Amino acid sequence: MARETAVALENVRKTYRIGEPVHALDGVSLAVPRGSYTAIMGPSGSGKSTLMNLVGCLDTPTAGEVVVGGRPVGELEDRERTRLRGTEVGFVFQTFNLMPRLNALENVALPQLFQGIDRAERRERARDLLERVGLGDRAEHLPNELSGGQRQRVALARALVNDPAIVLADEPSGNLDTDTEADILDLFDEFHAAGTTMLVVTHERHVADRADRIVHLLDGTIERIEDLERGNDGGSAVDPGRGTETTPDADADSETGSPTGRREADSE
Amino acid sequence: MNPLESLRLSWRSIRGHKLRSALTTLGIVIGIAAVIAFVTLGASLQAGIIGDISPDDRRNVYGWAADPDTEGGPLAGAQPVFTPDDLDSVASQPDVAAAYGYATIQTQAISNGNETVAQGNGLIATGPSYIREGRLAEGRQFERGDREAVVNPAAANQFEENVTIGDELTVTILGGERTTLEVVGITDTSEGQSPFEGFESSPRVYVPTDPYYVEQAAGLGIGGGSDGSGNDTGAGSENGTGTGDARFLAIIIEADSAAQSDIDAARESATAYLESEQSDASELLGDDLAVTFQTSTELLQQLQDVLALLRNFIVGIAAISLLVGSIGIANIMLVSVTERTREIGIMKAVGAQNRDVLGLFLTEAVILGVIGAILGTGLGLLGGYLGAQYIDLPLVYPLEYVALAIGVGVLVGILAGLYPAWRAARTDPIDALRYE
């Protein structure tokens, strides 16, 4: 696996001033290699969202450096940062965040619209991605005509349309039932296997378990990094470990079991 | 993002709120429609007035002597000063094609055979060419010195048995004197032939000044011909110089053509002669009596000025309604920006630049403005058309105003959309994505 870095955080600090200064992130350093699958976990207020916003080029750090796609986010002008966000970052949100009056195809093509890519090319690319997420026959449907799982597939296709350095998913399965969740996470695995860099923010263990490693945040700092990399030393060795880790998360039973198995099958 | 794409997306969101968009647009529709309708009506009214001046009237210059400070229309404060000799001399001046007097002879009644109809200002004594060949429906002009007359259809048809060419009418002049005249022509319209008469329809009988006015003047001692503008009798007895020296209240001169330069030349040479020692009129002219020469167009200018003022006033009110309409657009755009905060957040998250967002909202406001302007223009033109039909005016569409209306629609859209669009553009995507 190529270890080129997709996103790097170097001693990043983000301070909000709401009366007293609040350190949402307090000296975080993290490298996200290209092609990796990272999960970020942590309780509310641990700095997950802030990290998300920084990596997503939506925000700039108070101190330290955030490098996305080789470019320092903090030093860019707003316009450049927006451009970087459009081309190098793909967002998948908990609430899908599709444009309500645009159909599936147009939603997928939207990021390319803002990059000035012409209509025919956009539509071809969007159609192709919709096929890949299994919605080739739903291209003309509006979001409210699609199920939650289908909407999230559209969102994933949209995130991938500009071939970004990283896909940022914020609780991607938070609004989905367990079956649909598994489908979406399988799809993530599929794209990851095909080389997409994934960064998933979640508070659910079984979702995080799909990743190569889990970054645990607490009070704005990295508490620990849990390495789940199985690619090198074989799946069997890791599986039991994951099983025990999963147990505290209550219902992480058969649903997580089977997709995980499939993912490993894919990666091997 | 290219403008076509903005247009497509904006149009989509306008269609997403059909009723709201329609109501927003309505403000502009009403404003523009009001402006266009009133401007159309004003232009039509103006054309109607100018249209009343027949083409052959345009080379005529109407003159009378009055106190220069007198205000009012034709013949206001006019005094009888022009003698027949003056008229002949003016006619022989360079640049003057013809000149003749104008006077009304008050009558009591007109009889056709046994039938008598009461009529007040019945006889108009003037020169033969006052009734132009082109205005005659039948017959010919009367001739100077003959007891002949041209009547208009209203006069001809007021008897049970219509007057035809060759009929002899008996006129009872004010004072009881009777005179006869032979009808030699009938005009094509009952409207007045010049501003001296007024343009409204009424029965009129046109006769030569000689013999009718001359006789009349001799009978009263002086030009008793009156159109009711007063002072004639006093002036008459003062200025009376005996039989055959009738003085006319008004003079009509004809320029060589309707061109402004010819009209000015005719006017100048006539004025120059009348004010010179050679003329009889100059005896009476002085500080408080000067000759005024005006064309029909000039005489109507005053009326047109009033009309233009009125029109501007109404257009001003309509413009205020347009302003209200644009505030409506601004208001609805602000609501729309707030309502679509999340969409703005999504667009920015997937790479929309501030100017893209600005462009989208601005385009939306401009579309509303332009649609309003187009519909308003259509409605206004229709309103103007119906109004013109109702008042029976020739329809004139002021096309430059239509172009202006569309321009105003765009401008209103931009002005009304600017602030909301700017607000949308500077929305923080992080807040926007969190917005419920």
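Welcome aboard: across all chains, this structure holds 28 salt bridges. Keep in mind that the model is predicted, and let us visit some of those pairs.

**Stop 1: chain A, a pair from distant parts of the chain**

Select Arg205(A) and Glu226(A), and show their side chains. They meet in a salt bridge, with N and O 2.5 Å apart. The two partners come from distant parts of the chain: Arg205(A) sits in helix 7 (residues 205-208) of chain A, while Glu226(A) belongs to strand 10 (residues 221-227) of chain A, and 21 residues separate them. Turn on a surface here as well: Arg205(A) and Glu226(A) are both buried.

**Stop 2: chain B, Arg140 and Glu148**

Next, pick Arg140(B) together with Glu148(B). Their closest N and O atoms are 2.6 Å apart, and they form a salt bridge. Is Glu148(B) buried or exposed? Its relative accessibility is 8%, so Glu148(B) counts as buried. For Arg140(B) the value is 35%, so this residue counts as partly exposed.

**Stop 3: chain B, Glu197 and Arg204**

Now move to Glu197(B) and Arg204(B). This is another salt bridge, and here the closest N and O atoms lie 3.0 Å apart. Both Glu197(B) and Arg204(B) are buried.

Which residues do salt bridges with shared partners join into one network? Select Arg101(A), Arg340(B), Glu343(B) and Glu364(B) to see it.

**Stop 4: from Arg101 to a loop of chain A**

Leave Arg101(A) highlighted and add Asn144(A). Their C-alpha atoms are separated by 9.1 Å, although the two residues are 43 residues apart along the chain. Where is Asn144(A) found? Look in the loop of chain A between helix 4 (119-132) and helix 5 (148-160). With 60% relative accessibility, Asn144(A) counts as exposed, because the cut-off for that class is over 50%.

**Stop 5: the annotated segments of chain B**

For the last stop, colour residues 21-45, 313-337, 357-381 and 401-422 of chain B. An unreviewed UniProt entry gives these the feature "transmembrane region". Two of them are worth selecting individually. Start with residues 313-337 of chain B: this stretch is 100% helix and 0% strand, and its end C-alpha atoms are 36 Å apart. Then select residues 357-381 of chain B, where the chain is again 100% helix and 0% strand, with 36 Å between the end C-alpha atoms. While you are there, show the side chain of Glu364(B), a member of the network with Arg101(A), Arg340(B) and Glu343(B).

How values were computed:
Residues are numbered from 1 along each chain as its sequence is written. Chains are lettered from A and ligands numbered from 1 in the order in which they are written. This is a predicted model: local features need pLDDT of at least 70, side-chain atom pairs count only at pLDDT 80 or more; totals for chains, interfaces and linings use all residues. Side-chain values use heavy atoms; hydrogens and water are left out. UniProt positions are given in the numbering used here, feature names are shortened, and annotations may be inferred rather than shown by experiment. Helices (H or I, at least four residues) and strands (E, at least two) are DSSP runs, numbered from the N terminus. A salt bridge is a side-chain nitrogen of Lys or Arg within 4 Å of a carboxyl oxygen of Asp or Glu. Buried means under 20% relative accessible area, exposed over 50%, partly exposed in between (1.4 Å probe, protein chains only).
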